Amino acid sequence: MQSHSHKFAAAVQEPQSPACEIQQLQTKVAQLERAVHAHAVIDQAIGVVVAAERLTPAEAWDLLRETSMCTNTKLRHVAELVITLGVTGNLTADIREQLARRLSRDL
């Protein structure tokens, strides 16, 4: 008869030290804070596009997402650039070109 104890050994975890648990929780909190910030930036950029181009929020989301993919630029960074555009009127040429291409296609 074979022993099945080896199957359960991986399922049983040794208790972690409080310091290790605290470190893991701090890491998770930092990751969640970054995610919340990135989400807020994307939402702000959607608002800029909605206001400037009279699109629905869903259309603005698609515009930003597709621009991100076509320029190989992180969505968060595209959103930051669009927010800056709303403030300064400046936008990098590649992002401006992709946005214009998508807007003319959608209209």
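# Five helices and how they meet

Me: From the N terminus on, the elements of this protein run α-α-α-α-α. How many helices and how many strands does its secondary structure come to?

Reply: It comes to five helices and zero strands, where helices are DSSP runs of H or I with at least four residues, strands are runs of E with at least two, and both are numbered from the N terminus. The model is predicted, so that local features need pLDDT of at least 70 and side-chain atom pairs count only at pLDDT 80 or more, whereas totals for chains, interfaces and linings use all residues. Residues are numbered from 1 along each chain as its sequence is written, and side-chain values use heavy atoms, with hydrogens and water left out.

Me: The axes of α2 and α3 come within 9 Å and cross at roughly 110°; why is α2 called roughly perpendicular to α3?

Reply: Axes here are lines fitted to C-alpha atoms, for helices over the stretch in contact, with angles running from 0 to 180 degrees between N-to-C directions. On that scale, under 35 degrees counts as roughly parallel, over 145 as roughly antiparallel, 65 to 115 as roughly perpendicular and the rest as oblique. The two axes cross at roughly 110°, and that makes α2 roughly perpendicular to α3.

Me: Which residues make this contact, and how do they divide by class?

Reply: From α2 come Ile42, Ala45, Ile46, Val49 and Val50, and from α3 come Pro57, Ala60, Trp61, Leu63 and Leu64, contact meaning heavy atoms within 4.5 Å. They divide into 10 nonpolar, no polar and no charged residues, on a scheme in which Ala, Val, Leu, Ile, Met, Phe, Trp, Tyr, Cys and Pro count as nonpolar, Asp, Glu, Lys and Arg as charged, and the others, Gly among them, as polar.

Me: The axes of α2 and α4 come within 8 Å and cross at roughly 45°; what makes α2 oblique to α4?

Reply: An angle of roughly 45° falls outside the three named ranges and belongs with the rest, so α2 is oblique to α4. In this contact Ala38, Val41, Ile42, Gln44, Ala45, Val48 and Val49 of α2 meet Leu75, Arg76, Ala79, Glu80, Val82, Ile83 and Gly86 of α4. By class, these residues divide into 10 nonpolar, two polar and two charged.

Me: And where α3 and α4 meet, which residues are involved?

Reply: Trp61, Leu64, Arg65, Thr67, Ser68 and Thr71 in α3 meet Leu75, Val78 and Val82 in α4. This contact has five nonpolar, three polar and one charged residues. The axes of α3 and α4 come within 9 Å and cross at roughly 115°.

Me: What makes up the largest nonpolar core?

Reply: A nonpolar core is a set of buried Ala, Val, Leu, Ile, Met, Phe, Trp, Tyr and Cys residues joined through side-chain atoms within 4.5 Å. The largest such core has 18 residues, and those with the most contacts inside it are Val49, Leu63, Leu64, Val82, Ile95 and Leu99. The elements that give two or more residues to this core are α2 (18-53), α3 (57-71), α4 (75-88) and α5. Leaving aside neighbours within four places in sequence, Ile95 is in contact with Thr67, Thr71, Thr73, Val78 and Leu81.

Me: Why is Arg102 called buried?

Reply: Buried means under 20% relative accessible area, exposed over 50%, and partly exposed in between, with a 1.4 Å probe and protein chains only. Arg102 has a relative accessible area of 8%, and is therefore buried. This residue lies in helix α5 (residues 93-106) and, not counting residues up to four places away in sequence, touches Leu63, Glu66, Thr67 and Cys70. Across the protein, buried residues make up 24% of the 107 residues.

Me: How do you know that Gly89 is partly exposed?

Reply: Its relative accessible area is 41%, so Gly89 counts as partly exposed, the value falling between the two cut-offs. Gly89 lies in the loop between α4 and α5, where it touches Thr84 and Arg96, not counting residues up to four places away in sequence.

Me: And why are Arg54 and Asn72 called exposed?

Reply: Arg54 counts as exposed because its relative accessibility is 77%, and Asn72 is exposed with a relative accessible area of 73%. Arg54 lies in the loop between α2 and α3, with a phi near 55°, a positive value in a residue other than glycine. Asn72 lies in the loop between α3 and α4 and has a positive phi of about 55° although it is not a glycine.
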